[in-house]
Amino acid sequence: MSRASRSPAWSGLDRGAPAGGWVTVLQAGTVQTCRGLGGVEQGEFPDAGIDFDRANAARMYDFFLGGAHNFAVDRAHAAHVLANHPNFVYVCRANRAYLGRVVRWCVDRGIDQFLDLGSGVPTVGNVHEIAHRFNPAARVAYVDFEPVAVAHARALLAGLDTVTVTPADLRVPRTVLEAPTVTGLLDFTRPVAVLATFVLHFVSGDVAAILGRYRAALAPGSVIAISHGSDDHDDPQLVAEIRAVQDAYRGSANEGTLRTRSELLEFFTGMDLTGPGLVDITHWPQPQPDQPATGALAAVAVVP
Ligand SMILES: C[S@@+](CC[C@H](N)C(=O)[O-])C[C@H]1O[C@@H](n2cnc3c(N)ncnc32)[C@H](O)[C@@H]1O
């Protein structure tokens, strides 16, 4: 598989916030969102549980996707990532596209409940937007442990009774599965799609065991979908780029763990892998020969 071609439009170093975009404003110890502001940064605002000293994955990913919910420390770290892997914006966009295909695939199967672990800062193609396009009654429970991601999700979703936001650490499944915002929204006696895209590589340790806890709560016909960074590839340049991204995330709040194909397949022991199995995110559910490989792997499995 060929690698992504270089995209000079995305040096990432000189890109400002989109005009009129949503920005983070910290006031009186809370996080609020405002449209039409620009350049609001840390400094004179009181702490709201946000780590300003270290870049984090949620806000860097928002930057890579062209959002405005990020701070100078995130942009500086993101620039470092892009210096190591200039095509990383392509990788992030390919992941969002994969997430959208998974949601559509689930809705087509009749699944109308989603638990989105590590949902991130709301951006283009949010899970509830895609699901509601095809089933307005679909329910989506977002979960993230990053305050900016949670605050923006809450602001965006205010007034929607089919969507909730839960601030929780996915590594403690009980806190997610017992949260009133999850139990009050999702019916675990019926199929639920658990989405864990571009998040599990930020979790070191026994992810298979963590996913096993979620799986134990799921009814037959439920789905677990992942995308995950991996350096288990034949193309040495692709491997070098992926490892360079991992290196560049060092020092951020979310250091990365790359996993092999066999380690990722262990996540799904006892489940039925769908379609092509474990493949590059660009190739799920069908191969796309004209799409360069990203090095990130995807799999969707069904609870028997
Ligand atoms: C790269 S973003 C992915 C967003 C979205 N899932 C997607 O694929 O587009 C990773 C998100 O996972 C969140 N995250 C990382 N570790 C987490 C954890 N242990 N519990 C909850 N959220 C976590 C980060 O805060 C960030 O918002």
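What percentage of the 304 residues of the chain count as buried? I found 45%, taking a residue as buried if 20 or more other C-beta atoms lie within 10 Å of its own, exposed if 12 or fewer, and partly exposed in between, with C-beta atoms placed from the backbone.

I noted that this is a predicted model, in which local features need pLDDT of at least 70 and side-chain atom pairs count only at pLDDT 80 or more, while totals for chains, interfaces and linings use all residues. Residues are numbered from 1 along each chain as its sequence is written.

I looked up the secondary structure and recorded 10 helices and 10 strands; these are DSSP runs numbered from the N terminus, helices being H or I of at least four residues and strands E of at least two.

I turned next to the largest nonpolar core, a set of buried Ala, Val, Leu, Ile, Met, Phe, Trp, Tyr and Cys residues joined through C-beta atoms within 7 Å. Of its 85 residues, F114, L115, A193, V194, L195, V223 and A299 touch the most other members. Helix 3 (residues 88-108) gives the largest share, 11 residues.

I then listed the contacts of V194 (C-beta atoms, placed from the backbone, within 7 Å). Beyond its neighbours within four places in sequence, V194 contacts L115, L117, Y214, L218, V223 and I224.

I examined helix 8 (residues 207-216) last and found V207, L211 and R215 buried. Down the helix axis, the buried residues of helix 8 fall within an arc of 80 degrees, so they line one face; the arc is that of the directions from the axis to the C-beta atoms. Exposed A209 and A216 sit on the face turned away from the buried side. Strand 7 (223-229) is included in what covers the buried residues of helix 8.

Methods:
Two residues are in contact if their C-beta atoms, placed from the backbone, lie within 7 Å.
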